Amino acid sequence: MENKVPKAQNNTVSTRALERKLAREIASRKQAEQLLEQKSLELFQANQKLEVAVAQLERSSQQNMLKLEFQQHIDALLIYFGRAFLNHHLDDVLISNLVRRLTQTPLICSSYVKLNPKLNLELQKPHYGSSAIAKDVAETQWQDRVLHIRLMAKQEDIGILSIEVIETDYDLEFVQRSFQLVAALLAGAVNRQLIIDRNIESRKKAEQSEQSTRDFLAMINHELRTPLNGLLGSAELLSQTPLDAQQDVLLNNLSQSGQFLRVIINDLLDFSKINTGMFELIPNNFEMCSLINTLRSIFSPKAIEKSLEFCIDGDTSLPSLVNGDRERITQVLVNLIGNAIRFTDRGFVSVKFSWHNNILSFEVSDSGIGINASDFDKLFQPFTQADRSSKRNFEGTGLGLAICNQLLELMGGDIQFESEVNVGTRFYGHLPLHKAEQSAPSLAQITKQRTTELPKSTKILVVEDITVNQIIIKQMLIKIGITPDIMPSGIDALDAVKASHYDLILMDCRMPGMDGFETTSKIRQLGFTLPIVALTASTTAAERELCFESGMDDILTKPYTSTELSNVLSKWLLDE
């Protein structure tokens with residue numbers, strides 16, 4: 001018999017199943033909602049982290065860009081001012097521009113520079129930039145937002161550079177490194193300017209010293225040669241008067257002593273000029289025969305007095321006219337021949353000249369006392385002699401051979417020697433010279449012209465302030481038929497030129513009041529166009545140039561002889 005469940009019971013079972021199913025769905029939904037809430041939270045947190053990361057990235061990127069911009073600005077500043085400091089004098093404008101550019105740098109709101117006033121940089125401002133951030137610190141350091149950097153050069157404190165940053169969140173170590181480069185650049189510029197200023201000051205002092213030396217040498221030249229002109233001129237004039245035997249001996253002694261003094265003065269002055277770098281060669285055309293005749297006239301009397309065989313030979317290869325500094329060449333040969341005669345008591349002194357490929361070869365030989373081999377090394381040293389004791393037999397400054405060596409080197413030549421004690425000595429050397437064209441009258445022609453009497457109407461003005469020299473030149477001119485007008489000053493000379501006509505003026509260069517250069521210039525301004533010849537004791541090229549610049553036509557160097565004076569007159573007053 002089939003069991004049948006009651007309908008109410010079935011409904012109850014279905015309801016419970018439905019409730020269980022619903023409960024399960026509710027639980028599942030709650031679980032899903034919890035999971036969704038958890039995932040949403042995780043997503044929110046991740047999004048928050050992402051936003052923070054993005055913000056940090058953006059901030060980092062901005063800082064990096066700002067840092068890059070800052071670095072580029074600093075690099076450009078270093079390049080610009082590196083060049084500016086090299087090419088310009090360090091002054092207020094340059095430093096002010098640097099401070100302005102520093103303040104315009106990213107991250108920076110103000111800057112300040114102060115340099116030590118003891119540096120004497122000739123700056124007008126005591127400081128530059130914002131003094132509000134100024135602070136004297138002993139060493140480089142940060143104080144709040146301000147970086148203070150001590151400027152140092154060769155371990156000396158030369159100033160301070162201060163930089164204020166906008167905020168302190170940036171890489172301050174990086175900022176400091178960058179501005180230390182700027183500080184080093186500024187310190188280097190200051191140090192360079194100090195070196196330049198010291199060099200300029202040293203050069204000014206050197207120039208002042210050189211000018212003082214030039215002035216001193218010119219003064220000494222004048223003070224020594226001017227009285228020497230009176231001494232030698234008087235001796236020459238006396239030699240042309242009747243003298244007894246004793247007077248003739250005394251005059252000969254006077255003349256030889258004067259010539260010896262002339263050599264010493266020349267050597268001392270030239271040695272000073274060479275060692276101060278002020279020596280200048282003055283090349284000109286001269287005749288070899290004239291040089292040889294001059295040497296013969298100087299040394300023949302002394303050789304005869306000592307009973308020496310004296311000869312000067314020039315072979316046929318010698319050109320008649322050469323170009324070189326005749327005065328210096330003569331000085332070298334006078335020293336060599338003078339030494340040979342001085343150190344030779346018997347026998348001979350021989351001088352020989354030859355020419356090959358524009359080289360003048362010379363040789364001075366003697367049969368004198370010779371030189372010890374131990375003295376060879378010091379032979380060309382200044383102020384040195386083989387015997388320097390108070391008992392030595394031979395006088396002299398010990399400058400002669402040193403001057404010879406230096407002069408020959410300056411002229412591109414050389415000198416050597418060989419010697420044997422009690423046998424003799426031979427000095428020989430070579431000197432490059434140029435053969436000159438015969439463009440002017442020869443000395444022989446001039447000498448022949450000199451025998452022609454000058455016109456009776458010839459008028460010469462002599463401007464000379466020293467009485468002895470007035471007497472000397474007046475007597476020399478009278479002997480060749482001219483009685484000159486003598487004026488003791490430049491002012492008197494100007495008055496004389498205004499009042500009279502002169503064919504030639506002999507002008508002393510150094511006179512009190514108005515010197516010869518100013519006097520000549522003023523005479524030229526008066527319209528005087530005839531020759532003006534300088535009478536000068538100076539041998540410097542600078543003074544010779546000054547003579548020509550002032551309007552002079554020629555130079556007669558003191559001490560001068562009657563022959564040299566006659567040559568000048570013949571050159572300018574007689575037709576060629």
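Good morning. Ile160 counts as buried, because its relative accessibility is 6%, and buried means under 20% relative accessible area. I should state at the outset that this is a predicted model.

Where does Ile160 lie? Ile160 is part of strand S5, which covers residues 156-165. Setting aside neighbours within four places in sequence, Ile160 is in contact with residues including Tyr112, Val113 and Lys114, and also Lys135 and Val137. His148, Ile149, Arg150 and Leu151 are further contacts of Ile160. Please find Ala187 as well: in sequence, Ile160 and Ala187 are 27 residues apart, while their C-alpha atoms are 9.5 Å apart in space.

Let us turn to a second residue, Met476. Is Met476 buried or exposed? Met476 has a relative accessibility of 2%, and therefore counts as buried. Met476 belongs to helix H9, residues 467-479. Not counting residues up to four places away in sequence, Met476 touches Gly233, Glu236 and Leu237, together with Tyr560, Thr561, Ser562 and Leu565. Ser562 deserves a moment of attention: 86 residues separate Met476 from Ser562 in sequence, yet the two are 5.9 Å apart in space, C-alpha to C-alpha.

Finally, we come to the surface. Which residues form a nonpolar patch there? The patch consists of Leu238, Leu243 and Leu254, and together these residues have about 210 Å² of accessible area. Leu254 sits in helix H4, which spans residues 245-275. Leu254 is partly exposed, because its relative accessible area is 34%, and partly exposed lies between the cut-offs of 20% and 50%.

To conclude, Ile160 counts as buried, Met476 counts as buried, and Leu254 is partly exposed. Thank you.

Note on methods: Residues are numbered from 1 along each chain as its sequence is written. This is a predicted model: local features need pLDDT of at least 70, side-chain atom pairs count only at pLDDT 80 or more; totals for chains, interfaces and linings use all residues. Side-chain values use heavy atoms; hydrogens and water are left out. Helices (H or I, at least four residues) and strands (E, at least two) are DSSP runs, numbered from the N terminus. Buried means under 20% relative accessible area, exposed over 50%, partly exposed in between (1.4 Å probe, protein chains only). Contact means heavy atoms within 4.5 Å. Patches are made of residues with over 30% relative accessible area and no salt bridge: like charges are joined within 9 Å, nonpolar side chains (Val, Leu, Ile, Met, Phe, Trp, Tyr) within 5 Å. Accessible areas come from the Shrake-Rupley method with a 1.4 Å probe; for residues, only the protein chains shown count as cover. A salt bridge is a side-chain nitrogen of Lys or Arg within 4 Å of a carboxyl oxygen of Asp or Glu.
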